[in-house]
Amino acid sequence: MFCCLKLLHLLFLIPPSSLQGVALWRRGNRVSSINACQQTEAADGGLTVRCSGLRLAQIPAGLPNHTTHLFLNKNRLTSLPAFCFSDLFLLDELDLSHNQLSFLEPGCFSGLVSSLRYLDLSSNLLTTLDPVVLGGLQVQANLSQNPWHCDCSMQMSVPQLDMDTSSLEKVICQTSDLPNLGAVGLPLVVLMQDWDLCQSVRRTTDFLTLITMFLWFGMLIAYLIHYIRHNEVFARRHLEYLKFLESRDPFRPR
């Protein structure tokens, strides 16, 4: 009896948000609805949904389609499946910061091109900017605190992105194919101004070009040598012919 009373006392002391967190943890981080998320409706009818810090391992189902601000930060998301936000055609702000995102499936931001204005992907595990995933999003994005790998593919991806230019300034190279050139620790946009990140790919092309030029140069030298030798033979024969004519000159004094 005493144990039951003690348990009831503890339940009254635990805030509802903590009980929701415990319930989420017991369901193995799988959320079938947004009941655990805070929802606040604005005067204009827009809905703000806060699912921050709930240990979510996947996007919660049942997000209202009039959601304008969605906070999924400080969870355990590792990837975003295709069309996971496709019903949120009014979404203006999406916060996915402080997760463990390492893979964004093509189409994960489908349906957000016309509405989304702010995207926070900071403090995740992203290494590359994929234009297939981010292409078409005209957003101001926070891309800081990710282990970006700056290489040729990153350089080729940047011109295909429509996001705000200032967003790319926060893409800091953590690793690079050119580590000895001081690329690590530099913003990608600064690095691209000074270096061609595709030079490791083009080095093979330059080598073949060099070989081709060397072969052409060798052929030119061989032709010049042949030409000079041929002229030497011709000049020698011409000189011998002149000497022969001189020896048969009847007016030559003896």
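The questions and answers below go through a predicted model and the reasons behind the labels given to its parts.

Q: What makes up the chain, and how much of it is buried?
A: The chain holds seven helices and ten strands. Of its 254 residues, 32% are buried, where buried stands for under 20% relative accessible area.

Q: Why is Ser122 called buried?
A: Its relative accessible area is 5%, and the label applies under 20%, so Ser122 counts as buried. You will find Ser122 in the loop between β7 (118–120) and α3. Leaving out neighbours within four places in sequence, its contacts are Ser97, His98, Asn142, Ser144, Gln145 and Asn146.

Q: Is Ser144, in the loop between β8 and β9, buried or exposed, and why?
A: Ser144 has a relative accessible area of 18%. The cut-off for buried is under 20%, so Ser144 is buried. With neighbours within four places set aside, Ser144 is in contact with Ser122, Ser123 and Lys170. Its C-alpha atom is separated by 8.9 Å from that of Asp120, and these two residues are 24 residues apart along the chain.

Q: Why is Gln145 called exposed?
A: The value for Gln145 is 62%, and exposed means over 50%, so the label fits. Gln145 lies in the loop between β8 (140–142) and β9. Its phi is positive, about 60 degrees, although Gln145 is not a glycine.

Q: What makes His98 partly exposed?
A: Its relative accessibility is 43%. Partly exposed covers what lies between the 20% and 50% limits, so His98 belongs there. His98 sits in the loop between β5 and β6 (103–104). With a phi near 55 degrees, His98 is a residue other than glycine that has a positive value.

Q: How do you know that Asp95 is buried?
A: Asp95 comes out at a relative accessible area of 10%; the limit is under 20%, so Asp95 is buried. Asp95 is part of strand β5 (residues 93–95). Beyond residues up to four places away in sequence, Asp95 touches Leu70, Phe71, Leu72, Asn73 and Asp120. From Asp95 to His69, the C-alpha to C-alpha distance is 8.2 Å, with their positions 26 residues apart in sequence.

Q: Which residues have the most contacts inside the largest nonpolar core, and what makes a set of residues such a core?
A: The members must be buried residues of the nonpolar kinds, joined through side-chain atoms within 4.5 Å. The largest core in this model has 50 residues, and those with the most contacts inside it are Leu72, Leu80, Phe85, Leu94, Leu96, Phe109 and Leu119. At least two of the core's residues come from each of β2 (47–50), α3 (131–134), β9 (148–150) and α6 (188–194).

Q: How do you know that Leu96 touches Phe109?
A: A contact calls for heavy atoms within 4.5 Å, and Phe109 is listed among the partners of Leu96. The other partners, outside four places in sequence, are Leu72, Leu77, Leu80, Phe85, Leu101, Leu119, Asp120, Leu121 and Asn124.

Q: Why can Ile221 belong to a nonpolar surface patch?
A: A patch residue needs over 30% relative accessible area. Ile221 is partly exposed at 34%, so Ile221 passes that cut-off. Its partners in the patch are Phe217, Leu220, Tyr223, Leu224, Ile225, Tyr227 and Ile228, and the patch covers about 790 Å². Ile221 itself is in helix α7 (residues 199–247).

Q: What makes β1 and β2 a pair of strands, and in which sense do they run?
A: At least two bridges are needed for a pair. Strand β1 (residues 38–41) and β2 have four, in the antiparallel sense, so the two strands count as a pair. Gln38 is bridged to Arg50, and Thr40 to Thr48. Five residues lie between the strands of this hairpin, where Gly45 takes a positive phi near 95 degrees.

Q: How do you know that β2 also pairs with β3?
A: Four bridges join β2 and strand β3 (residues 67–71), in the parallel sense. Since two would be enough, β2 and β3 are a pair. Within this pair, Leu47 stands opposite Thr67.

Terms used. Residues are numbered from 1 along each chain as its sequence is written. This is a predicted model: local features need pLDDT of at least 70, side-chain atom pairs count only at pLDDT 80 or more; totals for chains, interfaces and linings use all residues. Side-chain values use heavy atoms; hydrogens and water are left out. Buried means under 20% relative accessible area, exposed over 50%, partly exposed in between (1.4 Å probe, protein chains only). Patches are made of residues with over 30% relative accessible area and no salt bridge: like charges are joined within 9 Å, nonpolar side chains (Val, Leu, Ile, Met, Phe, Trp, Tyr) within 5 Å. Accessible areas come from the Shrake-Rupley method with a 1.4 Å probe; for residues, only the protein chains shown count as cover. A salt bridge is a side-chain nitrogen of Lys or Arg within 4 Å of a carboxyl oxygen of Asp or Glu.
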